[in-house]
Amino acid sequence: MPALYTVQTRTDPGCVREVNEDAVSTVLDWRDRLRLDDLMLQRRGHLFALADGMGGHAAGEIASRLAIRTLFETYYSRELEALSAQERLAHAIAAANEAICREAEKHPERAGLGTTLVAAVLRGDELIIANVGDSRAYWFHDHALRQITRDHSWVAEQVAAEVISAEEATRHPYRNVITRSLGPERNPEPDFFRQTVHFGDRLLLCSDGLSNMVKPAEMAQLLDAYATDEAADRLLQLACERGAPDNVTLALVEFLIAAPSKKRKTRFLAVLSLLVLLLAALLVREFIATMPARPTATPLRETPITEAAARFTPVTPPGATIEPPLADPVRVGVIRRPAPSDDSILPATEDYLYFVRGPVAIIEKSSSGWRLALPQKSRTNAAFRYTMTLHQGWQPNAARPEVGDVVGVIARPTNESDLSDDIGLEPLLLLETDPPLGANAIVWSNAAYADMWRSQEEYWLYSVYGLGGGDALGLNTPPGQEGQPIALRALLFIEPSRSNILNIRPADEIFEWSDAENAYLPAASPPSNPPLSPSPFLSPP
């Protein structure tokens, strides 16, 4: 199974320096350049790296970028195919150091150039981290943040030797003196660390421009409160608001699921074997139970199933159905207005939303988030699903969705052109489709978009006719067009007096997707009549 994650990078020169001497990159930046296919990435892993250059006169900028480029080109080179991920990473770091030393030899005016480096490789469910210098790797798991790497700096060594305290180190005049880095006449030896990846864990790589301005406790609060992209923005913003005397750079990776390691595969096979034996025992018991009883027969005792074993067995609630609605994938597209204007509109990202609806088929729960999947079936009978991760944001007293429950989702796509089997969504609101009071109850909300619903704003809604969306918006489905992608304007807002109710008021004008025109065209007969029963997503005016 391929590794699944979402990654955000941010870099800023800060409030004092004119030149940004930091560099950050991920494997996604190098896939096309190095011609990396999925099989190669499965074997070699997914690399993330950050460098903080030094040396003045643009030397730091050159050193950090040269280190990043050499690191990726060497790590993914075919010459190192037989090596382990850690060995490949060690070779790549050594090659980056050699490249910087050669650059210094060619240009004596850059003799002092150098750079820190922190890098991480994801293979299966294991992460290998390496660092040289004081750029850091943090690990966020179960609402807690800890530093993985150890700073190679003078103050860090003094703290380790208990000469000064950690608090004194933050104010010490030698706090920027590092003891290891890449470059000539420096110690380029990296430290290595290993970390097992679990669903919802996050990796933060950052330069000292961030770690010097934002405390770990503050980082943890932001990571706990916001989705990955918003958390990255807030971290950078907080450092800059405090003056940011140095360049500020970070890479934030959230791990959604990872391929099982050999150890986990072994444990899985062991559990599977036990389940097979248990099933065989139950079948034998049932067979014996159907045989004529003998006078001397001893009744079989039913084998209890422990709570731990039950966690491996997904349970479908009584009466729950996993029948996907007929719906083509929702898509972003150009909207062509009718005559006399005949103009075309392609809504900006902040001006449109997806509305999708369907039964919950998969729920993966962890302390840091829930991962939901809503299966759908296209009009050509192709199966696909919308996937999303929900962090904190559950409404007080709101019931969590169970397998089979039908929910509505207001979301934005993580990739506008994604029409694959798994379409990733950034959820904004999770809505109950059959609440007790007949109104659209908010079950979960994304804290990053809390201000979005406080005023009455119009948005373009991309959805489909029928059970996959339109029915819940109060739209009648024209004959033969169940599942057809549509676009419409709608007013969305939350009243202050009813903070758990979302008002959605669609406009009468509907646009239908045309494959031939590759655009949304005005509906021939706008289906604006109200549905036979009140829609759970339409609040009274």
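Which residues touch the most other members of the largest nonpolar core? In this predicted model, that core holds 53 residues, and the ones that touch the most other members are Leu47, Leu71, Leu89, Leu127, Leu203 and Phe255. Leucine 89 gives a handy way into the neighbourhood. Leaving aside residues within four places in sequence, leucine 89 is in contact with Leu47 and Leu71, and also with Tyr75, Ala119, Val121, Ile128, Ala130 and Phe192. Another core lies apart from this one; it has 49 residues, including Met213, Leu492, Ile494 and Leu502.

Now for the chain as a whole. It has 10 helices and 24 strands, and 48% of its 541 residues count as buried. Among contacts with a separation of 6 or more, 69% link residues 24 or more positions apart. The accessible surface comes to about 27200 Å², and carbon and sulfur atoms hold 53% of that.

Two of the residues met above, Leu71 and Tyr75, sit on helix α2, where both are buried. This helix runs over residues 59-75, 17 residues in total, and spans 24 Å from its first C-alpha to its last, close to the 24 Å expected at 1.5 Å a residue. Most of α2 is covered, with 12 of the 17 residues buried. Besides Leu71 and Tyr75, the buried set includes small residues such as Ala59, Gly60, Ala63 and Ser64, along with Leu66, Ile68 and Phe72. The cover over these buried residues includes the strands β2 (22-26), β3 (46-54), β4 and β5, plus the helices α1 (38-44) and α3 (85-106).

Between β4 (114-115) and β5 (117-123) there is a loop, and threonine 116 is found in it. Is this loop residue buried or exposed? Threonine 116 has a relative accessible area of just 1%, so it counts as buried, the cut-off being under 20%. Its side chain makes a polar contact with the side chain of serine 135, at 2.7 Å. Sequence neighbours within four places aside, threonine 116 is also in contact with Leu50, Ala51, Asp52 and Met54, with Val132, Gly133 and Asp134, and with Ile178.

Further along the chain, strand β20 (residues 441-445) is another covered element: four of its five residues are buried, so the rest of the structure largely encloses it. Its antiparallel partner is strand β19 (residues 422-432), and the two pair over four bridges. Within this pairing, leucine 430 stands opposite tryptophan 444 of β20.

Conventions: Residues numbered from 1 in each chain as written. Predicted model: local features only at pLDDT ≥ 70, side-chain atom pairs only at ≥ 80, totals over all residues. Heavy atoms only, no water. Buried < 20%, exposed > 50% of the residue type's maximum accessible area, 1.4 Å probe, protein only. Polar contact = N/O pair within 3.5 Å; in protein donor to acceptor, adjacent residues only side chain to side chain. Contact = heavy atoms within 4.5 Å. Core = buried A, V, L, I, M, F, W, Y, C linked by side-chain atoms within 4.5 Å. Expected span 1.5 Å × (residues − 1). Pairing = 2+ DSSP bridges. Areas by Shrake-Rupley, 256 points an atom, 1.4 Å probe, with all protein chains shown as cover.
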